[in-house]
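Please open the model in your viewer and keep the selection panel at hand. The tour below goes from one selection to the next and says what is there.

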Amino acid sequence: RAKSEGRNLYRFFEPGMDATVQARRALEADLDTALPRQEFDLDFQPIMNIESGEIVGAEALMRWHSPTRGTVAPDNFIAVAEETGLIVPLGEWALRKACATAASWPPGLRIAVNVSAVQLKSGGFARSVISALAFSGVPASRLELEITETVLMDESETVLKTLRQLRGLGIRIALDDFGTGYSSLGYLRRFPVDKIKIDRSFIRDIDNRDTAAIVRTIIGLGAELGITVTAEGVETEMQLDMLRDNGCVEAQGYLIGVPSKAADIQRLLQLRALHSQAG
Ligand code: C2E
Ligand code: MG
Ligand code: MG
Ligand code: MG
């Protein structure tokens, strides 16, 4: 019964779905030409060491400036790029661009780049990372790759091998949006990671007692495991105080700095570096 009902529903909604499919095709087509037309760009958001107050690096965040659609947020195109496979060349572009940008930052500052599961599974990923580093002259120790738990979900041998190889080179692996997946703790046990980024939904809700307890526990877990803990989405002094009081290592969010153009972040980083040299 449910099945035939489903079929009827499907037939009923078919015209509407058609429009959805058409919109989707149009998006795919636009995305497809966007890379050669150089419509993509990277913004950079600073990451701060909470104890010292110093900026320790920045995360590259992709932007699509479409001539017809305006600026499209990654949440509205990354998933499609993953399904069409465009994410592989697009991700490689981001990696190269991010490394090239970070090459002119003061020494020691890290560059974090988001990596999709599709890239990691696509074979040749390690090679493209090594090439991006070599081309830019950025040492491996300054590169951080942010992966989400979906990357680890299917535990493919390629992904494991690639992650080990990259860590072997001195690249850091960060687990992004930590706490939102199906098996956050399981992944921590099976995969060697250098950093966890507490998802911003926890930080937003940090004045809730239970959420605060979870955040404190994640911070403690990181300390026990020797993993750097970064809080995402820090927007208020109160949130930062709570994180500092509990020994969270790094913070990222609008309070510290919004995602900014490469030139602006460069200026900020250089200014900070001068300050810290002056003592
Ligand atoms: P993410 O890696 O977790 O990046 C953090 C997101 O939180 C960014 O959204 C950032 O702009 C936003 N954010 C930072 N601080 C705050 C804050 O204080 N409050 C709030 N409300 N938001 C804050 P964005 O730039 O829209 O990116 C969304 C997601 O798209 C990223 O989440 C990442 O998963 C993905 N993404 C971005 N760039 C790339 C890329 O180059 N490759 C891949 N594969 N994914 C990317
Ligand atoms: Mg990220
Ligand atoms: Mg995140
Ligand atoms: Mg995210």
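A residue is called buried when its relative accessible area is under 20%, exposed when that area is over 50%, and partly exposed in between, with a 1.4 Å probe and protein chains only. This is a predicted model, in which local features need pLDDT of at least 70 and side-chain atom pairs count only at pLDDT 80 or more, while totals for chains, interfaces and linings use all residues. Residues are numbered from 1 along each chain as its sequence is written, chains are lettered from A and ligands numbered from 1 in the order in which they are written, and side-chain values use heavy atoms, with hydrogens and water left out.

Select the magnesium ion (ligand 2), whose protein donors (N, O and S atoms within 2.8 Å of the metal, or 3.2 Å for Na, K and Ca; water is not among the atoms, so sites may look incomplete) are Glu59 (OE), Asn114 (OD1), Glu146 (OE) and Asp176 (OD), lying 2.0 to 2.3 Å from the ion. Along the sequence these donor residues follow the spacing E-x54-N-x31-E-x29-D. The pair Glu59, in strand β2 (residues 55-66), and Glu146, in strand β5 (residues 143-147), links distant parts of the chain, 87 residues apart; strands are DSSP runs of E with at least two residues, numbered from the N terminus. Both Glu59 and Glu146 are buried.

Next, select Asp176, which coordinates both the magnesium ion (ligand 2) and the magnesium ion (ligand 3), 4.3 Å apart. Asp176 is buried, with a relative accessible area of 6%.

Finally, select the magnesium ion (ligand 3): its protein donors are Asp176 (OD), Asp177 (OD), Glu232 (OE) and Glu232 (OE), at 2.0 to 2.4 Å, and the donor residues are spaced D-D-x54-E in sequence. Asp177 is partly exposed, with a relative accessible area of 26%.

Terms used:
Helix = DSSP H or I, 4+ residues; strand = E, 2+ residues; numbered from the N terminus.
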